[in-house]
Amino acid sequence: TTGVGVDEHNCLDDLEILFAPLNQAAPSANDHSNGHTVGLARCARLRRLSLVDCGLVKLGCLQPIAHTLERLCVADQKLTSLKDLGSLPQLRWLYAQQNNISRIEGLDECPRLRALWLFDNSIQRCEGLTELAELRELWLQNNKMKRLGGLEALTALRDLQLAGNPISDYRDLPRLARLPSLESVGFRDAHFGSCPIAEREGYRDAVLGALRHVTSLDASEVTRQDRHRARDAHLENVLEFHEKVDALQREHRDDAAAIEARRRRSSAHARSLDGEMRLAFAELERLVDEGRQAVKAEHAKHRRARALAQRSLDAALAAALAEHALACDDASHKADRRERRDECALLALERRAKGERRIALVIASLQYGGPRFTSNRGDPPQQLPPAKVACQLLGEHSPDFRWLDARLREQPKGDADPLCLLRAYRVSRRDEALPDGKCWFLRGDAALIEDAVRGDVKDGLVLYASASQACAAFRSSSSSVSAPQKGGDAVDLLEGSS
């Protein structure tokens with residue numbers, strides 16, 4: 001419109017916009033920009049508006065041209081509905097093909113509409129056409145309609161095109177026969193393809209027989225010969241139908257006669273069966289009475305047997321309970337013995353852990369110095385320097401360890417239990433010589449042994465010149481104490497568990 005100038009927009013009669021991107025056909029008439037109205041408000045005399053392939057998703061406001069617009073084309077857009085069309089009382093032709101419309105709506109205020117093109121959409125049924133009394137041309141090719149309802153109000157309809165829809169049944173043809181002005185119908189088209197109904201045998205004769213006032217079918221003129229052929233085919237179908245009806249009636253009469261004969265035979269047989277059933281029921285009653293007596297006798301027998309079994313079961317249960325009580329007592333005694341053994345084992349493990357801890361503290365004090373070991377937790381610690389000794393832990397597989405362990409494990413005299421060597425250390429002192437080149441064995445508390453190794457001899461230690469003497473004395477747990485003797489450069493410590 002820029003070519004005609006802003007002042008001449010009121011003179012526009014026909015407006016076409018092709019391939020120009022737009023969001024909607026016309027913004028609101030109340031929208032103003034720079035003092036000028038925008039949209040179609042300045043085209044008050046516009047009669048024909050064509051918008052082709054503009055990407056429209058919404059029609060917008062057409063009210064400024066509602067009283068002059070006669071032809072509207074919104075083909076090849078992205079419209080999904082026509083409900084925003086509004087009131088267009090002068091609209092004659094509406095072309096909305098090639099969109100995404102799924103439902104016919106928004107046409108109630110277009111009463112003078114004569115031509116409506118909606119092919120290449122997604123419409124599933126005819127609806128929303130009841131107010132279009134002047135509609136003459138309706139194109140609905142290539143949609144998704146399966147039935148032909150909703151067209152009864154289109155009394156002025158002349159041309160109806162339905163090619164490319166999934167219509168497959170002749171049942172809806174009588175609905176089209178009620179349209180008095182219908183002249184042209186199409187179920188098959190070279191561009192849109194055919195409906196399934198058009199591929200059936202005798203399709204043309206069936207349609208012309210149902211729609212006798214149609215002058216054009218599938219863009220082909222209906223001749224007099226076509227009508228005669230359709231009428232003959234219809235008469236043949238009617239005659240064939242009547243023949244089938246007569247055959248069915250004869251079959252029905254024959255079947256009825258056969259059924260009546262079977263009924264009579266069945267009645268006679270039923271009377272015979274009735275007599276037999278009466279005799280059978282009498283015999284059954286006799287057998288039931290005898291069975292009841294036998295069941296009562298058997299029931300009494302079972303009661304006596306059940307009472308005897310109950311007494312036997314009570315006796316067996318009492319014996320089982322007594323046996324179970326003895327077994328429970330025995331199991332309880334065994335559990336108590338196991339618990340005592342476990343307590344003794346835990347006590348031994350605890351004593352072993354305490355002994356190993358005492359020895360570890362003594363060895364650490366001798367090697368590196370530190371607080372003097374004391375068995376009393378309340379005594380204040382006494383810091384001592386490292387002793388001039390070397391401590392060596394004897395391995396369990398060393399000859400010395402195995403020899404000492406064998407001496408302790410020798411079967412003791414009397415009821416004493418055999419002893420087991422848990423850990424042995426060799427302590428060497430470098431400042432004194434061992435008399436006669438022998439090893440000495442100390443037995444006593446860990447604190448006393450530590451003082452003896454440091455050179456501070458106290459009462460409570462027992463010194464042995466041989467391992468055999470030390471093992472024997474340790475085994476006998478003698479309480480006698482001999483005077484301590486100073487050792488040479490090799491001393492073995494033996495720590496008891498008590």
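**Cores, a surface patch and three loop residues**

Author: In this predicted model, the largest nonpolar core holds 62 residues, and Leu49, Leu138, Leu176 and Phe187 touch the most other members. Elements giving two or more residues to this core are β5 (48–52), α1 (173–177) and α2 (203–210). The largest share, three residues, comes from α2.

Reader: What makes a set of residues a nonpolar core?

Author: Members must be buried residues of the nonpolar kinds, joined through side-chain atoms within 4.5 Å. Buried means under 20% relative accessible area. Leu49 is one of the members of the largest core, so Leu49 falls under that 20% limit.

Reader: Which residues does leucine 49 touch, beyond four places away in sequence?

Author: Leucine 49 touches Leu15, Leu40, Leu62, Ile65, Leu69, Arg71, Leu72 and Cys73. A second, separate core has six residues, including Leu394, Phe401, Leu404 and Ala424.

Reader: Why is leucine 284 called partly exposed?

Author: Its relative accessibility is 44%. Buried needs under 20%, exposed needs over 50%. The value for leucine 284 lies in between, so leucine 284 counts as partly exposed. Leucine 284 is found in helix α3 (residues 224–368).

Reader: What makes leucine 284 eligible for a surface patch?

Author: A patch residue needs over 30% relative accessible area. Leucine 284 has 44%, so the residue passes that cut-off. With Leu273, Met277, Phe281 and Val288, Leu284 forms a nonpolar patch on the surface. Together they have about 430 Å² of accessible area.

Reader: Why is phenylalanine 19 called exposed?

Author: Phenylalanine 19 has a relative accessible area of 59%. Exposed means over 50%, so the label fits phenylalanine 19. Phenylalanine 19 is in the loop between β1 (14–18) and β2 (24–26). Its phi is positive, about 60°, although it is not a glycine.

Reader: Why is glutamine 98 partly exposed?

Author: The relative accessible area of glutamine 98 is 35%. That value is between the 20% and 50% limits, so glutamine 98 is partly exposed. Glutamine 98 is found in the loop between β8 (93–95) and β9. Here too phi is positive, near 60°, in a residue other than glycine.

Reader: How do you know that glutamate 127 makes a polar contact with the side chain of arginine 103?

Author: The side chains of glutamate 127 and arginine 103 are paired at 3.2 Å. The cut-off is 3.5 Å, so the pair counts. The side chain of glutamate 127 also makes a polar contact with the side chain of arginine 125, at 3.4 Å. Glutamate 127 is in the loop between β9 (115–117) and β10 (137–139).

Conventions
Residues numbered from 1 in each chain as written. Predicted model: local features only at pLDDT ≥ 70, side-chain atom pairs only at ≥ 80, totals over all residues. Heavy atoms only, no water. Helix = DSSP H or I, 4+ residues; strand = E, 2+ residues; numbered from the N terminus. Polar contact = N/O pair within 3.5 Å; in protein donor to acceptor, adjacent residues only side chain to side chain. Buried < 20%, exposed > 50% of the residue type's maximum accessible area, 1.4 Å probe, protein only. Contact = heavy atoms within 4.5 Å. Patch = residues over 30% accessible without salt bridge, like charges linked within 9 Å, V, L, I, M, F, W, Y side chains within 5 Å. Areas by Shrake-Rupley, 256 points an atom, 1.4 Å probe, with all protein chains shown as cover. Salt bridge = Lys/Arg side-chain N within 4 Å of Asp/Glu carboxyl O.
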